[in-house]
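Colleague: Could you take me through this model step by step? I would like to begin with the whole assembly and then turn to the details.

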Number of protein chains: 2
Amino acid sequence: MSLTDRTKPTDVALNTDLYELTMAQGFWESGLVDTQACFNVFFRENPFGGGYAVACGTGQIADLVENFTFDDEAITYLASLQAPGGGDMFKQGFLDYLSDFRMDVDIWAVPEGDVVFPREPLVRVEGSAIACQLLETALLNLVNFQTLVATKTARVVQAAEGHMVSDFGLRRAQGPDGGLAVARASYVGGAASTSNCLAGRIYGIPVFGTHAHSWVMAFPSEIEAFRAFAKSSPKNCVLLVDTYDVRRGLANAIKVAKEMEAAGERLAAVRIDSGDLAKLSKLARGMFDDAGLPYVKISVSNDLDEYTIQSLFAQGAPIDSFGVGTKLATCDPQPSLGGVYKLSATRAAGAVEWSPVIKLSEMAYKRTIPGVQHVLRFRDEAGCPAGDMIVDDSVAVGGTTTIVDVLDPETTYDVSGHDSSELLRQMVEGGRGTEAGRPSLEASKQRCRDALMHLDPAVRRFLNPQIYPVGMEEGLAKLRVDLAREERLHSGRRQEA
Amino acid sequence: MSLTDRTKPTDVALNTDLYELTMAQGFWESGLVDTQACFNVFFRENPFGGGYAVACGTGQIADLVENFTFDDEAITYLASLQAPGGGDMFKQGFLDYLSDFRMDVDIWAVPEGDVVFPREPLVRVEGSAIACQLLETALLNLVNFQTLVATKTARVVQAAEGHMVSDFGLRRAQGPDGGLAVARASYVGGAASTSNCLAGRIYGIPVFGTHAHSWVMAFPSEIEAFRAFAKSSPKNCVLLVDTYDVRRGLANAIKVAKEMEAAGERLAAVRIDSGDLAKLSKLARGMFDDAGLPYVKISVSNDLDEYTIQSLFAQGAPIDSFGVGTKLATCDPQPSLGGVYKLSATRAAGAVEWSPVIKLSEMAYKRTIPGVQHVLRFRDEAGCPAGDMIVDDSVAVGGTTTIVDVLDPETTYDVSGHDSSELLRQMVEGGRGTEAGRPSLEASKQRCRDALMHLDPAVRRFLNPQIYPVGMEEGLAKLRVDLAREERLHSGRRQEA
């Protein structure tokens, strides 16, 4: 765990797969130090079988890049590595190069909180091939998981229909960082709060909590435990009523709520953490209403996700807030986004023009999109996204309002009459973070709320969501076909000596 | 991410759910500061439908405890928190108490690398109720995920039948910490190496890597890329042959291998990252053997797990090593262990005797085991584990060789004639780590190898594994029945005012 392992910000440079460093050494030795490259981070399928993803982690790229230096400790470590076949893994000249290395890249990315779709660039990196390669793993490590969690949370929040969702996932996360990433991304994705105090301190996210069964068990009787908690946290009192029998637990909570009223306080809520939450929440609502305590809210937890929450509301459960832990922190049932980082163009040192690059595959759906890509998002009169067009300006035919589908070029989408705006923002310029690269978490959260509000409900639904139109500008679509044909014809030649 | 967020070791104290702190305040206010408690970490089901789990993360508990202090930054943060109903969430007197707080606990745990089974304590904590409560989340955050990853890796390594497995999962982990935890726990669980350089530096784990498709695409032809890599990494040369056509890629690798031979070097291996790995690995083996290059190894990657590896060998794939990424780092398809932390005994301030505590549940399988528990592991003549007996010395009937099943008290296991030894080791004494609490990673790895070697193959198999006998000593079994009966009779009373 990095908390106890005394890591420091510049350790991001070693937060990488070894092959990035051996490749960097190879570029350095092959005299390709100044060759420029353009890489994109993208994913091929929306997570959870849904119709969208929520970009997250991109607001931390600027920090990552600015801290990306190989300090003495890193160089000493790399110098110590032996190749399996004997001898030093890294040459002294290359280590000297790394000592002076600066992550001098330009980066554009989808702002945190905005919706993003398969195959369009979530992040675009331009820089030396070495720099681009060295950044790969740390970048994927940063945006893959946070985008996944923000998306999962958006789905849970959508199911919660405006009721509060709180992140309770720390104990099931991958160490302290995993917990911080879950809290941060779930806040962007719509959670109102987190139980994670360190995330509260670092990110300013509101923290929320109740008490555990062990609290009740530590007292001779449940009501003594409730009274003690009410006395200790009168302005923040949520009582857990299922340590023993829920009905009697509710009766005790009502008794304490009345005592609190008499003392000028109010019981905020009760929490139910086991059993049939639909039935028990109705029982609780009825008992509180009958007792003249309509203001006492009902909070539930216990292995929740978007589907259980949807089911609870379908059963008419009068629930006011949800604590969502394990399935949020682990993004169950899809614990990885599958975002990849692919080369899309190269440029010789000193050249102005980029050469687009394509990667074929046995599987057509894995064929990459070439070029230096940006994305135009078209919106209808109501401001709702109507389609995303991936554009490479160097081959754009100009003024087109046709989007060509990536998987099926015979399918096109007409976006004429719609205004468009750039989806990607420049986050890093010449190795330094831009203002757009340092969004406030509140701004990202607001952006997510707006983006989801404007997204077609048919795209947002869980079951068989409509596929949001994403495709290429006509010039880029033609380039891709041409390059694929050329590559197929010439790949044999590229494989000849 | 903690790397860029400048966290420090003492931040472990805030790496917790808010409710641990509000409960701690409650204990403090209720005059229960010196009440002692005994908590156990345990899980209820083996992960992945398997027959065992591998303990991990317990070797870092000592560090966690020793760093557990509320520094000025933590206190300032907690002092800033407002209760939802208004006013400070924490009282000044309690914050003063936290400022002086020391995590003065005693902790026993299953040593890293040893096998552990459902319901027996993976960790036992004794200390003030406040201390035990404050430790809960950070402890679960530490051992839940690492135990899961070590177990997943043990399964993957078992499927790999002695062939090398390397952790490639960093890009899909939950931030830098997730990546570090994956590398550390997978090394304990049997992985030979990791791609994660920061894990290499911090833990001394061997690092391993090849090159990416982008390396090949950055050169005019594949063979130029291969030659450049061979020149740059002659003692560490693994060529990725599937950027274009695998058969031609293999032909180019053979050409470069011959050139390396002429220069007195050896191509170590090729890697195949797509396509039918069974078919392609056979093709590669045949081509290298025919070319007089039997020493060139075949490495594969691409969404591997224990089942795909088993299937590859069932098809006779001549594979020498495996890079396992996404499904290791995310523990797909079960991304959380579900380890819980439950109160099992309390003791009034100054008292000597512990009072055992039980928690009933609507679901019988959730009923806890009471008492201050330790575990005797019985072994047969060959040193193979034959059964684990959970014992509370204060109620033990003495000399028994009968283990009473936890879920079905009518089922017993006879371990007469077997020697036994203590499973749990003391890791923390009076808030300070013991020697056993700071195992070397190599020792933990060795312990895991030994433990798995001695484990019954029937327990280790993936499909319908035999259930390893775990249960209670007869005296504890009787206590549990008595306490459950009493609790059922009296829980009504515990719920009366």
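Modeller: We shall discuss how the chains are arranged, then helices, strands and some backbone details; please note that the model is predicted.

Colleague: How are chain A and chain B related?

Modeller: A turn of 180 degrees, with a shift of 0.0 Å along the axis, lays chain A on chain B with an RMSD of 0.0 Å. The two copies are thus related as by a two-fold rotation axis. In chain A, the C-alpha nearest that axis belongs to A:Asp177, at 2.5 Å from it.

Colleague: How many residues of each chain are in contact with the other?

Modeller: The contact involves 111 residues of chain A and 110 residues of chain B. On the side of chain A that touches chain B, there are 43 nonpolar, 46 polar and 22 charged residues.

Colleague: Why can one say that the copies meet through the same surface?

Modeller: Of the interface residues of chain A, 99% are also interface residues in chain B, so the copies meet through the same surface.

Colleague: At what angle do helix H2 of chain A and helix H10 of chain B cross?

Modeller: Helix H2 of chain A covers residues 18-29 and helix H10 of chain B covers residues 222-232; their axes cross at roughly 100 degrees and come within 9 Å. H2(A) and H10(B) are therefore roughly perpendicular to each other.

Colleague: Which residues make that contact?

Modeller: H2(A) contributes A:Gln25, A:Gly26 and A:Glu29, while H10(B) contributes B:Ala228, B:Phe229, B:Lys231 and B:Ser232. By class, the residues of this contact are 2 nonpolar, 3 polar and 2 charged.

Colleague: Let us move to helices within chain B. How do H7 and H15 pack?

Modeller: In chain B, helix H7 (residues 175-189) and helix H15 (residues 441-454) have axes 7 Å apart and pack at an angle of about 45 degrees. That angle makes H7(B) oblique to H15(B). On the H7(B) side the contact is made by B:Tyr187, B:Val188 and B:Gly189, and on the H15(B) side by B:Leu441, B:Ser444, B:Lys445 and B:Cys448. These residues divide into 4 nonpolar, 2 polar and 1 charged.

Colleague: And what about H6 and H13 of chain B?

Modeller: The axes of helix H6 (residues 129-159) and helix H13 (residues 306-314) of chain B cross at roughly 5 degrees and come within 8 Å. That makes H6(B) roughly parallel to H13(B). The residues in contact are B:Arg155, B:Val156, B:Gln158 and B:Ala159 of H6(B), together with B:Glu306, B:Ile309 and B:Gln310 of H13(B). Their classes are 3 nonpolar, 2 polar and 2 charged.

Colleague: Now the strands, please. What is the strand order in the open sheet of chain B?

Modeller: The order is S17-S16-S21-S15-S14-S18, an open sheet of 6 strands with mixed pairing. Strands S17 (412-414) and S18 (419-422) of chain B stand at the edges, each with a single partner strand, so one side of each is left without a neighbour in the sheet. From one strand to the next, the twist averages 40 degrees.

Colleague: In which sense do S15 and S21 pair?

Modeller: Strand S15 (residues 385-391) and strand S21 (residues 470-472) of chain B pair in the parallel sense, over 3 bridges. B:Asp388 stands opposite B:Val470 in S21(B).

Colleague: Turning to chain A, where does A:Leu376 lie, and what does it touch?

Modeller: A:Leu376 lies in strand S14 (residues 374-379) of chain A. Apart from neighbours within four places in sequence, A:Leu376 is in contact with A:Met389, A:Val391, A:Ser420 and A:Glu422. A:Leu376 is partly exposed, with 19 other C-beta atoms within 10 Å.

Colleague: What backbone details deserve a look?

Modeller: As background, most residues other than glycine have a negative phi, and most peptide bonds are trans. In chain A, the peptide bond from A:Asp332 to A:Pro333 is cis, with omega near 5 degrees. A:Pro333 lies in the loop between helix H14 (326-329) and strand S12 (340-347) of chain A. In chain B, a cis peptide bond joins B:Asp332 and B:Pro333, with omega about 5 degrees.

Colleague: What is the phi of A:Asn302, and what is that of A:Asp303?

Modeller: A:Asn302 is not a glycine, yet has a positive phi of about 115 degrees. A:Asp303, also not a glycine, has a positive phi of about 60 degrees. A:Asn302 lies in the loop between strand S10 (297-300) and helix H13 (306-314) of chain A, and A:Asp303 is found in the loop between S10 and H13 of chain A.

Conventions
Residues numbered from 1 in each chain as written. Chains lettered and ligands numbered in written order. Predicted model: local features only at pLDDT ≥ 70, side-chain atom pairs only at ≥ 80, totals over all residues. Least-squares fit on C-alpha atoms with pLDDT ≥ 70 in both. Contact = placed C-beta atoms within 7 Å. Axes fitted to C-alpha atoms, helices over the stretch in contact; angles between N-to-C directions. Helix = DSSP H or I, 4+ residues; strand = E, 2+ residues; numbered from the N terminus. Parallel < 35°, antiparallel > 145°, perpendicular 65-115°, else oblique. Nonpolar A, V, L, I, M, F, W, Y, C, P; charged D, E, K, R; others polar. Pairing = 2+ DSSP bridges. Buried ≥ 20, exposed ≤ 12 C-beta atoms within 10 Å, placed from the backbone.
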